[in-house]
Structure formats: C-alpha cells, structure tokens
Amino acid sequence: MTQNTAEGRLATEGPNAEQIEYWNGDAGNRWAHYQDKLDRMLQPFSDAVLRLGAVRPGERVMDVGCGCGATTFEIAAHAGAAGHTLGVDISQPMIARARQRAAALNSSAEFMLADASTHTFPPGSFDLLASRFGIMFFLEQVPAFTHMRKALTSGGRVAFACWRPMKENAWVSVPLFAALPHIPKQEPAVPGAPGPFAFDDRDRFHGVLTSAGYSTIEIEPFDATLVVGSGPDPVADALQQTLDIGPLSRIFRELDDTQRAGTADAVREALTHHVGPEGVALGGAIWLVTARA
Ligand SMILES: C[S@@+](CC[C@H](N)C(=O)[O-])C[C@H]1O[C@@H](n2cnc3c(N)ncnc32)[C@H](O)[C@@H]1O
C-alpha cells in the first residue's frame with residue numbers, strides 16, 4: 001500500500017512508482033494549469049460517464065484517477081447530501097487543485113491522495129467506481145482491478161471511459177503524424193503498457209476485467225469532437241496545448257532545439273487544416289465500459 005509522506009506527496013514506491021513520479025512532476029503541474037481548458041474539451045466524455053454511471057441520490061462513489069476533480073464534482077451533485085463521493089488520485093498538484101475547487105464550488109466531494117489500485121478501502125465502501133481516463137496507468141492491471149472490485153458492494157457497478165486506438169483519435173494522431181519526420185524513430189508501444197492507450201484493445205480490456213472478477217461487462221464505442229484550440233489564434237492555442245500535455249508532449253520534451261522547431265512548424269501546419277467555427281476541432285474516440293462486481 002502506498003503511504004502519504006510528511007511532505008504530502010505519495011512515496012514513489014509500489015507497482016505504480018513510475019506513474020507516481022510522472023504525475024507528481026511536470027505532467028501533474030501542467031494538467032492543473034490547463035484544468036479549465038481540458039475540462040471544457042473533455043466535457044462530452046464527462047457527460048458520457050455520468051450517463052453511464054447513473055448515480056442515484058445517497059450512493060457512494062469513487063472517482064478513480066480524478067485529477068482536478070471535474071467529474072467528481074458532477075458525480076457529487078448527483079449523489080447529493082446523503083451520498084458520498086471520493087476522488088482518488090496519485091498526483092499531489094492535481095489533488096490540491098481539486099480541493100481548492102471543491103471549496104470554491106461548495107461541493108460535497110472529498111479528495112484523497114492515494115493509489116486507487118493499492119490503497120486499502122474497507123470492503124463494500126462504494127456502490128460505483130467511475131473514471132474519466134484515470135484507469136489506464138496501472139502496471140499490474142488484473143491485481144489493480146481485483147483490488148478495486150473489493151471496495152465495491154456486492155453487485156456494485158463500474159462506469160469507465162478510456163481511449164480507443166490512437167489512429168482513431170485524430171486529436172493525437174494528426175499532431176503526432178505531422179511530427180514524425182522531425183522526431184527520433186519511436187519504438188512501437190507495448191500492448192497494454194501503462195499510458196493513455198493501455199486499454200485501446202476492447203478484447204484485451206474485457207479479458208482484464210473478467211480475470212479481475214467482474215461480470216456483465218459491456219464495452220461500447222463513443223465518439224465526440226474535441227475543441228483543442230480556441231480564442232483569437234486557435235491554431236497557436238492548440239499547438240501550445242499539444243506540445244505541453246498528451247502523448248506528443250512526452251516526446252517533445254526529449255527533443256533538441258532543431259527537432260523542436262521542426263516539430264512545432266509541422267504540427268502548426270497540420271492543425272491549420274482543422275479550424276472550424278469553434279476553433280481547432282479534432283475527433284476523439286473512446287470506450288465506455290460498464291461492469292458489475
Ligand atoms: C489523464 S489524467 C485524467 C484526470 C481526470 N480523470 C480527468 O479526466 O481530468 C489521469 C489521472 O489518473 C491519475 N492516476 C494514474 N494512476 C493512478 C492510480 N494508480 N491511482 C489513482 N490515480 C491515478 C493521474 O494522476 C491523473 O490525474
């Protein structure tokens with residue numbers, strides 16, 4: 001089980017040590033910085049998770065990998081005063097942001113800095129595990145989902161959103177393909193490795209949930225358009241975000257100045273082809289997942 005250190009950061013230990021390091025570094029700070037914009041961009045997926053979870057007043061819900069809390073606040077509004085909504089995340093900067101926002105919004109949502117896949121919750125603590133993109137980062141997937149299932153009541157439900165393959169997600173593939181001539185050759189991703197596309201393969205994810213003891217598993221596709229850049233210069237706005245967060249940003253940080261300049265020019269040019277009335281708009285493709293404990 002991961003423990004809070006005196007400094008208020010999770011100790012970098014356990015199966016997800018690498019992710020604890022990652023989400024408490026620049027990545028966590030950047031997500032906290034872009035929180036408003038990301039929440040607007042990802043709202044269609046929050047709405048989908050909310051529909052899927054169908055939270056009833058009085059229910060107890062864990063938002064797994066809640067980040068800065070956007071989905072947690074919406075769940076808490078449905079669970080009401082008689083319910084309990086707990087956002088759990090390994091990222092200290094994102095949990096800090098979520099707590100600030102809870103106070104400002106007067107939300108009943110509570111937040112915990114913990115690894116949801118190893119922290120000991122009393123058995124049967126929750127009626128629902130929900131997540132918008134917070135469940136793809138476990139190194140040991142079957143033990144992680146087994147552990148979280150034990151925190152559910154018997155027959156409790158899950159409502160998860162995770163990305164479908166990168167090639168179906170233009171918001172990632174358009175910038176990444178534009179950048180390819182300017183970046184070192186990338187090793188092919190290891191199927192199922194922790195990261196945004198860990199569960200892009202429906203059958204594989206179904207197998208993980210089955211092995212973890214879930215039943216009545218349904219995994220359905222859902223698509224939405226993501227506005228990745230807006231304002232007076234939507235292309236510049238989209239470029240900045242693409243190079244700061246998301247899959248290309250991880251590569252961009254490792255590049256030298258020449259590679260960075262070439263990448264930025266190529267991505268900017270690619271994004272200009274996707275400007276619409278609302279700004280730079282690109283497709284997003286996810287799986288919506290329900291199951292029972
Ligand atoms: C892509 S972000 C999504 C954040 C948020 N759900 C949203 O939609 O804005 C993934 C989140 O999962 C969190 N995370 C990754 N592994 C985790 C774990 N084992 N336990 C809890 N949170 C985790 C990260 O810190 C990060 O906040």
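1. The crossing of H7 and H11 is right-handed (the near helix is turned clockwise from the far one by less than a right angle; anticlockwise would be left-handed). Helices here are DSSP runs of H or I with at least four residues, numbered from the N terminus. The model is predicted: local features need pLDDT of at least 70 and side-chain atom pairs pLDDT 80 or more, whereas totals for chains, interfaces and linings use all residues. Residues are numbered from 1 along each chain as its sequence is written, and side-chain values use heavy atoms, without hydrogens and water.

2. Helix H7 spans residues 170-179 and helix H11 residues 257-272; they pack at about 135°, with axes 8 Å apart. Axes are lines fitted to C-alpha atoms over the stretch in contact, and angles run from 0 to 180 degrees between N-to-C directions. H7 is therefore oblique to H11 (not under 35 degrees, roughly parallel; over 145, roughly antiparallel; or 65 to 115, roughly perpendicular).

3. H11 also packs against helix H9 (residues 234-244), at an angle of about 130° and with the axes 9 Å apart. That angle makes H9 oblique to H11. The crossing of H9 and H11 is right-handed.

4. The ligand is surrounded by 19 residues, the closest being Gly65, Asp89, Asp115, Ala116 and Arg132 (a heavy atom within 4 Å). The shell comprises 11 nonpolar, five polar and three charged residues (Ala, Val, Leu, Ile, Met, Phe, Trp, Tyr, Cys and Pro are nonpolar; Asp, Glu, Lys and Arg charged; the others, Gly among them, polar).

5. A ligand oxygen lies 2.5 Å from an N or O atom in the side chain of aspartate 89. Another entry of 2.5 Å links an oxygen atom of the ligand to a side-chain N or O atom of arginine 132. At alanine 116, a polar backbone atom is 3.0 Å from a ligand nitrogen. The protein buries 97% of the 590 Å² that the ligand exposes when taken alone (Shrake-Rupley, 1.4 Å probe).

Conventions:
A polar contact is a pair of N or O atoms within 3.5 Å; within protein, one must be able to donate a hydrogen and the other to accept it, and residues adjacent in sequence count only if both atoms are side-chain atoms. Helices (H or I, at least four residues) and strands (E, at least two) are DSSP runs, numbered from the N terminus.
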